[in-house]
Amino acid sequence: MKISGDDLLLARAAHWEASTPDKVFLTQPHGGGQTTDYTWRQTMDQARRMATHLAGLDLPPRSQIAIVGKNSAHWIMADLAIWMAGHVSVPLYPTLSSETARKILEHSEARLLFVGKLDDWPTIKAGVPSWVPVIELPLAPDTGALKWQEVIAESAPLAAIPQRDPGELATIIYTSGTTGTPKGVMLSFGGMVAAMLEDARTEVTPQDRYLSYLPLAHSYERYVGEGVGIFHGVQVYFAESLESFLQDLQRARPTLFCSVPRLWMKFQSGVHAKVPPRKLQTLLSIPIVNSLVRRKILKGLGLDQARYAFSGAAPLAPEVIDWYRRLGLELLEGYGMSENHSYSHASETGDARSGYVGRSRPGVETRLSEHGEVLVKSPGMMMGYFKAPEMTADVITADGFLRTGDRGELDDAGRLRITGRIKELFKTSKGRYVAPAPIENKLLSAGLLEQCCVTGSGYPQPHAVGVLAENLRALLDSGRVQRAELTRKLDALLEEVNRGLEPHERLQFVAVAKDAWAIENEFLTPTMKMRRARIEERYAPLAEGWYAAGQAVVWE
């Protein structure tokens with residue numbers, strides 16, 4: 001596939017600026033239900049003015065410039081400005097520790113940092129090297145630095161946008177890091193649009209709407225929220241906060257919506273808190289009533305206009321997918337990695353199979369190694385890891401396939417099922433290997449737990465540690481449900497799950513964790529993936545006592 005300069009995101013943004021200057025591109029909330037719309041003309045005018053300022057700083061060509069902050073209209077404007085000025089953008093997660101922020105800023109050789117909307121600027125600030133200047137975006141906390149608005153007021157718009165080469169480095173995306181130090185994935189300008197050029201099956205138009213809330217520092221949100229938004233001219237809305245998320249969804253009523261398993265399950269729990277599962281099942285079985293119930297629920301979630309709804313980042317239990325389909329929302333799963341700019345596999349409307357992430361996308365080749373590892377060659381493939389050629393060589397085969405580290409299997413139709421991480425396999429004291437992910441999905445599918453980790457290396461049988469679903473935690477705290485009742489339900493769930501497992505996989509017990517696992521306590525990555533090593537370390541001192549207790553369900 002040949003990619004020209006006219007296909008790149010900068011050129012596409014200039015196309016919409018010229019052809020539909022007054023169409024709204026970005027919708028930014030700023031408290032109290034108030035929003036500000038930015039048209040293509042306004043977006044590009046601000047980006048051009050900032051680009052003039054950056055170009056006047058006499059930085060070396062193709063310098064790295066970092067952005068840290070929650071998703072916002074000015075996050076995307078800053079990214080465009082960096083590219084217009086001839087530089088490379090380096091996004092940072094807004095929830096980083098000061099130590100990790102410093103490591104990334106130093107490793108990436110960042111020459112400047114844009115600071116956007118943040119909950120904890122002091123933590124990030126402690127990791128910013130003294131020699132890195134800061135520019136403060138609108139909605140950012142007070143940094144005492146030069147403000148975006150001041151720069152825009154004093155700078156003329158850049159007249160001509162430079163032509164960037166498809167093979168040129170566009171961005172360095174540091175992985176969220178479920179283990180170890182984040183790696184800098186280098187993506188080219190061509191690699192960032194390869195997916196849009198290859199995949200014509202997903203029909204996206206400027207009339208579509210998208211809600212951006214997964215971190216733009218992550219490859220997938222960068223691909224969809226920024227990339228698809230710019231390439232196809234989609235209107236992009238932003239979320240105000242977790243507390244207002246449902247209102248944000250209802251305001252945007254997106255036609256395209258992407259989320260992660262934890263949030264799809266939280267939506268489901270929220271519905272069940274209002275309509276118990278048995279009652280909902282009864283209502284959906286009544287021909288005259290079911291369509292009204294489905295519409296009401298989807299409208300309440302803000303998803304009644306969704307043409308495409310996707311789940312990614314981790315496996316989603318088939319039972320949850322089927323639940324949404326009964327509501328009339330065909331929830332599709334996708335699969336990809338930062339290393340291929342999240343362009344790898346996706347289910348298709350009318351062809352989805354629960355538990356499978358779909359076929360290879362157009363232009364993608366897939367094969368399984370002799371050990372069952374998924375190997376992928378994608379047009380979105382990275383240029384390599386920044387300043388780490390040996391690490392790059394370790395993950396790219398001689399014929400150009402990416403070693404994903406995931407175990408998988410293909411059905412007769414070529415649809416891929418991810419069965420777990422190669423490195424997540426653990427051995428019991430009986431010498432038998434256990435793959436935790438499929439067992440975790442079975443436990444989560446009942447809706448009693450919203451988070452779960454199966455572990456037990458070195459013990460005769462594995463066990464699970466889990467966090468109660470949010471609605472059940474609320475009922476327990478209020479006294480409307482007793483621990484004994486939940487223990488009985490979890491006991492029954494454990495018995496049911498164990499019946500479907502091989503003898504060496506059967507769980508000895510389920511332990512209920514006291515606290516929820518969150519990004520803030522470092523049990524989850526910024527993209528809400530489970531940090532398995534951190535969780536295992538936290539509960540390891542308790543495991544011996546749990547095994548000795550001899551109970552099917554234990555509480556921390």
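**Figure 1. Helix H12, seen up close in a predicted model.** Helix H12 covers residues 287-301, which gives it 15 residues. From its first C-alpha to its last it reaches 22 Å, close to the 21 Å expected at 1.5 Å a residue. Which residues of H12 are buried? They are Asn-290, Val-293, Ile-297, Leu-298 and Leu-301. These five cover an arc of only 120 degrees around the axis, so they sit on the same side of H12. Now look at the face turned away from that buried side: here you'll find the exposed residues Ile-288, Leu-292, Arg-295, Lys-296 and Lys-299.

**Figure 2. What lies over the buried side of H12, and what comes just after the helix.** The cover over the buried residues of H12 includes three other helices: H9 (245-252), H10 (261-274) and H11 (277-284). Follow the chain just past H12 and you get to Gly-302, which takes a positive phi of about 80 degrees.

**Figure 3. Ser-269, a buried residue in helix H10.** Helix H10 was part of the cover over H12, and here we pick out one of its residues, Ser-269. Is Ser-269 buried or exposed? Its relative accessible area is 12%, so Ser-269 is buried. Setting aside residues up to four places away in sequence, Ser-269 touches Ala-469 and Asn-471.

**Figure 4. A four-stranded open sheet with mixed pairing.** The strands line up in the order S24-S25-S26-S27. Which strands stand at the edges? They are S24 (449-455) and S27 (553-555), and each has a single partner strand, so one side of each is left without a neighbour in the sheet. Going from one strand to the next, the twist averages 25 degrees. It helps to know that strands of a sheet pair through backbone hydrogen bonds, either parallel or antiparallel. S24 and S25 (residues 463-468) go for the antiparallel option, with six bridges between them. Helix H18 (residues 532-549) lies across S24, S25, S26 (510-512) and S27, and runs at about 75 degrees to S24.

**Figure 5. Cys-453, and a structure with zero disulfides.** In this view, Cys-453 stands opposite Val-465 in S25. How many disulfides does the structure hold? The count is zero. Cys-453 is in no disulfide, and the nearest cysteine sulfur, that of Cys-452, is 7.1 Å away. With a relative accessibility of 1%, Cys-453 counts as buried. Cys-258 is buried too, with a relative accessible area of 4%.

**Figure 6. Strand S20 and its antiparallel pairings with S18 and S21.** Strand S20 takes in residues 402-410, and it pairs with S18 (residues 373-377) in the antiparallel sense over three bridges. Here Leu-375 stands opposite Arg-403 in S20. S20 also pairs with S21 (residues 416-421), again in the antiparallel sense, this time over five bridges. One pair to look for is Glu-409 with its bridge partner in S21, Arg-417. S20 and S21 form a hairpin with five residues between them. In the turn, Gly-414 has a positive phi of about 85 degrees.

**Figure 7. Ala-435, a buried residue in a loop.** Where is Ala-435? Look in the loop between strand S23 (433-434) and helix H15 (436-444). Its relative accessibility is 14%, so Ala-435 counts as buried. Not counting residues up to four places away in sequence, Ala-435 touches Arg-407, Thr-419 and Leu-425. For a sense of distance, take Leu-263: Ala-435 and Leu-263 are 172 residues apart along the chain, and their C-alpha atoms are separated by 24 Å.

**Figure 8. His-53 and its contacts in helix H2 surroundings.** His-53 lies in helix H2, which spans residues 40-55. With a relative accessible area of 21%, His-53 is partly exposed. The cut-off for buried is under 20%, so 21% doesn't qualify. Which residues is His-53 in contact with, leaving aside its neighbours within four places in sequence? They are Ile-135, Leu-146, Val-151 and Ser-155. Pro-157 makes a nice pair to look at as well: His-53 and Pro-157 are 104 residues apart along the chain, while their C-alpha atoms are separated by 9.1 Å.

Note on methods:
Residues are numbered from 1 along each chain as its sequence is written. This is a predicted model: local features need pLDDT of at least 70, side-chain atom pairs count only at pLDDT 80 or more; totals for chains, interfaces and linings use all residues. Side-chain values use heavy atoms; hydrogens and water are left out. Helices (H or I, at least four residues) and strands (E, at least two) are DSSP runs, numbered from the N terminus. The expected span of a helix is 1.5 Å times one less than its number of residues. Buried means under 20% relative accessible area, exposed over 50%, partly exposed in between (1.4 Å probe, protein chains only). The arc is that of the directions from the helix axis to the C-beta atoms. Contact means heavy atoms within 4.5 Å. A disulfide is a pair of cysteine sulfur atoms within 2.5 Å. Two strands pair if DSSP finds at least two bridges between them. Axes are lines fitted to C-alpha atoms, for helices over the stretch in contact, and angles run from 0 to 180 degrees between N-to-C directions.
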